[in-house]
Amino acid sequence: MNSQIDRLLFEAASSITSQEDRQAFLDFACQGDKALRDLIQELLELEGGAKEFFELEPTMENPAPVAGDEDSGIGARIGHYRLIDRLGAGGCGVVYLAEQQEPMKRKVALKIIRLGMDTESVIARFSMERESLALMDHPNIARVLDAGTTASGRPYFVMELVDGEKITDYCDRKRLGLSQRLELFIQVCEAIQHAHQKGVIHRDIKPSNVLVRDHDGRPVPKIIDFGIAKATSGGVEGEATFTRADQFLGTPAYMSPEQADGSGDIDTRSDIYSLGAMLCELLTGHPPFAHKDFKDRGVEQIRGMLREQETGVPSARLKAVGGEEMTSIAERRAVDPQRLPAELAGDLDWIVMKAIEKDRRRRYETANGLAMDVQRYLDEEPVLARPPSRRYLFSKLVRRNRVLFAASGVALFGLLAGLGVSTWLFFLEKDARQQQSRLRAEAEHARSMAEEARANEARMHQRAKAADVVTQAAVFVRYKEMDEADKLLSGLRADLIPASLEASNTLVAVANSNLAKGRWKEAADRFHALIHVLTSVDMKDTDANSREWLPAATAISEWGEPWQYEDFRRLAIRRFATSSNPIVAEHLLKVTLLQPADQETLKAIAPLAGVIEASLVGPNREKDDHLVAWRQFVLALLAYRQGDLETAAEWARLSSAATGNQPRTAASRVILAMIDLKQGRADDARQVLEKVHEEVRHWEAGPFQIESSYRISWSNWGVARILLREAEGMPGATEEKPPEEE
Amino acid sequence: MDEIRKILEASQLPGGLVSSELLPLVYDELRALAAKRLADESVGQTLQATALVHEAWLSVAGNDERIWTNRGHFFGAAALAMRHILVDRARAKGSQKRGGNPALLQLESLDIADVSVDERVLMVDEMMTRLEQDDPDSVRVITLKFFGGLTNKEIAMMDGVTERTIERHWAFARTKLFRMIHQETGEGFQG
């Protein structure tokens, strides 16, 4: 059937009023096509009825009050809620003012998700998140109270009712200046930090999800929609931000590149990006990418933009806006248009840029870190975020140390804990067969959760505080205020210090500064803390990591508490005892054998001897004399500690014959002397020990240098001195004289 | 509302096409407006779909000249949205009547002369869906006329044709659709 022809024929025929003419026309036009002629004939007969049928316009009736489940009419009931008024429409749904009927009467916000979302999976995802959402309790976070399905099958969420306006509108209307805006922003960051610590990522931070109202004359922000972005994201994590038609839900203006990419690998740092984009808008009137930048672009293009296109610093972009718009932007901030770019240039530019780094590892690690930097700006203190020239130095440090930034240590911890629990609950949820035991388990779980949550919170709080202190100390170190930095760090418990590059660099700097000033005990404490940092970051098996160990071990062994050395030895073994890297193996043996070790320790590190021995033979053997001599030294030390004096002597002789490092040679000779003592050659031993003693005294007499002009670390001498002291304490080491009282 | 205005201001689509960003906004707007109007009236009052669309239009456009030129675009979206809204409502009500069983309408058992407004909407929708593939132009005209309540003149302006053309097309489209209903419901009906 060709509807074009049908239509033409029908229209032509119906305009012919005479029956006779009409029949003649159809006979002619249809040319013997009986089916076609019958069809047109039938249509012509039905024409009048059709007109009548369509005359009645479609109408809507006022639903009877009991009808109840028409899902979005005002006055309708949904679950325990009655819709009172429509508050507005967002990216993925409509929000209503509703009244909760039971268990208590109160007003709430009810958001009905737009049609086209898979209700079942939205609700399922929400259930998984529910427990962690319930843990959030913060004055600046709107609570999500409930979720369900309307009669027509659309998912809905019930939230605490928030009375306020979009943060950007509020600031503009009130003509808040930059510092007032920043103070407000800090409050937002703190709320997000709280959520992150409870394991909840928002995923859709943007001005319209941050509502502000006045409370006692002060603006109070409230973040809404927690947990909803996650629940309404696509079935597979990867489709997070796209509808089935592959279109962005909402605006990508505040979306991190990794979230836009849909890789599904999203962590708290994605929220940091959104916070940065929002900060940019609060300051300059536009997010880093303006809404118009995305117009008429496909999803792939937008992803590419977010991934690769540089935005330029906020002050420069503001200057480019210029003219009238700039004037009105400045006016809304109560700033002289001429001065606004200058006010943003520098620190504020860099804070925004650090928050919206495309590579999330270079962003602020936590919302708290971002807030602190903003606070530093407000306090006119130097900020952490710096222009690339300085960041370049920083990244060089990163490369040199290969200590990767921990993935926002504090928040990640909370995140993992939260996910584990909610996944478990999800499966629990599914098991309907054992309803009773499920209920019991849930009750017990809720109780233990509450207890755990309290303990967790205290721990998180301590960690967050420790992270703050480390960051402040890092700032002091940068400005060479070592004593101030040391003072800050001295009060920290080693196990609370965040595992980050910032922390490790700061600790090394402060420890060395203490050494240079002869504050041995303090140096040992900092090194002890450093080992906690170095061994708790997930790193590759590289020697760059273990390099800091010898000074640390030496300092701790010399000046620290005995338990600190034991603690250090335990951590080091746990982290690296299975290494197959001969340099790491050498470092580990050296630092763990500075003091006599028990059988368990010796057993744990014994395999490393094989790694080292293997590196000394064959075509690929180590050719660097310096490295070879150190390896021979540790093999000697290990054999000595194991009681295999013959092997120990063999290696020690080889090592002591090598030149180029006086303290190493001295230490090797001390091992030989100790063997002599055990085998009854006390005279030989004493001769050697006296000589080494003199060398060590000579080193001590000179000025303390972290590294000598011959590039020998102080810690090499430290090793020699520690072993010498051990040897001198052995029977027969000192001639006839009874040991003096100290 | 502002978002709708923005899209309309920027819209350069040729007559008849509806941009995907506009549709959901208009949809929400209409639903809200309907809910509000109905809440104001006493039980049993009816609200004409076409009146609703026109009211929504006035509240969006006001006297804004720039937007008035894109009136057709708005009405196109509004008609599509109205179709969804009316069908949703009719289905929800129907399923209530049938004890919550949202089974499809049993067309064979219906007497066309006696059908309610809601049943009429469901029948038209069902047939439009069947017709879509074969004759999308007619489906569009039905959408604009029946659900959107546009006058022939308005559609003629949108499409750049004469009013008479639209009138004839509408007559054809509605007759064709009516025939389909007629066939479905059997012979029990007197034309």
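**Exercise 1. Identify the residue in E9(A) that is the bridge partner of Lys166(A), and place this pair in its sheet.**

Step 1. In E9(A), Lys166(A) has Leu211(A) as its bridge partner. Strands are DSSP runs of E of at least two residues, helices are runs of H or I of at least four, and both are numbered from the N terminus.

Step 2. E8(A) is joined by two bridges to strand E9 (residues 210-215) of chain A, and the two run antiparallel. Pairing requires that DSSP find at least two bridges between two strands.

Step 3. The order E8-E9-E10 (chain A) describes an open sheet of three strands with antiparallel pairing. Strand E8 (165-166) and strand E10 (218-223) of chain A each have a single partner strand, so they stand at the edges with one side lacking a neighbour in the sheet.

The model is predicted: local features need pLDDT of at least 70 and side-chain atom pairs pLDDT 80 or more, while totals for chains, interfaces and linings use all residues. Residues are numbered from 1 along each chain as its sequence is written, with chains lettered from A and ligands numbered from 1 in the order in which they are written.

**Exercise 2. Determine how helix H1 (residues 3-14) and helix H2 (residues 19-30) of chain A cross.**

Step 1. Their axes come within 9 Å and cross at roughly 155°; axes are lines fitted to C-alpha atoms, for helices over the stretch in contact, and angles run from 0 to 180 degrees between N-to-C directions.

Step 2. H1(A) is therefore roughly antiparallel to H2(A), a term for angles over 145 degrees.

Step 3. Leu9(A), Ala12(A) and Ala13(A) of H1(A) make the contact with Arg22(A), Phe25(A), Leu26(A) and Ala29(A) of H2(A) (contact: C-beta atoms, placed from the backbone, within 7 Å).

Terms used:
Angles under 35 degrees count as roughly parallel, over 145 as roughly antiparallel, 65 to 115 as roughly perpendicular and the rest as oblique. Two residues are in contact if their C-beta atoms, placed from the backbone, lie within 7 Å.
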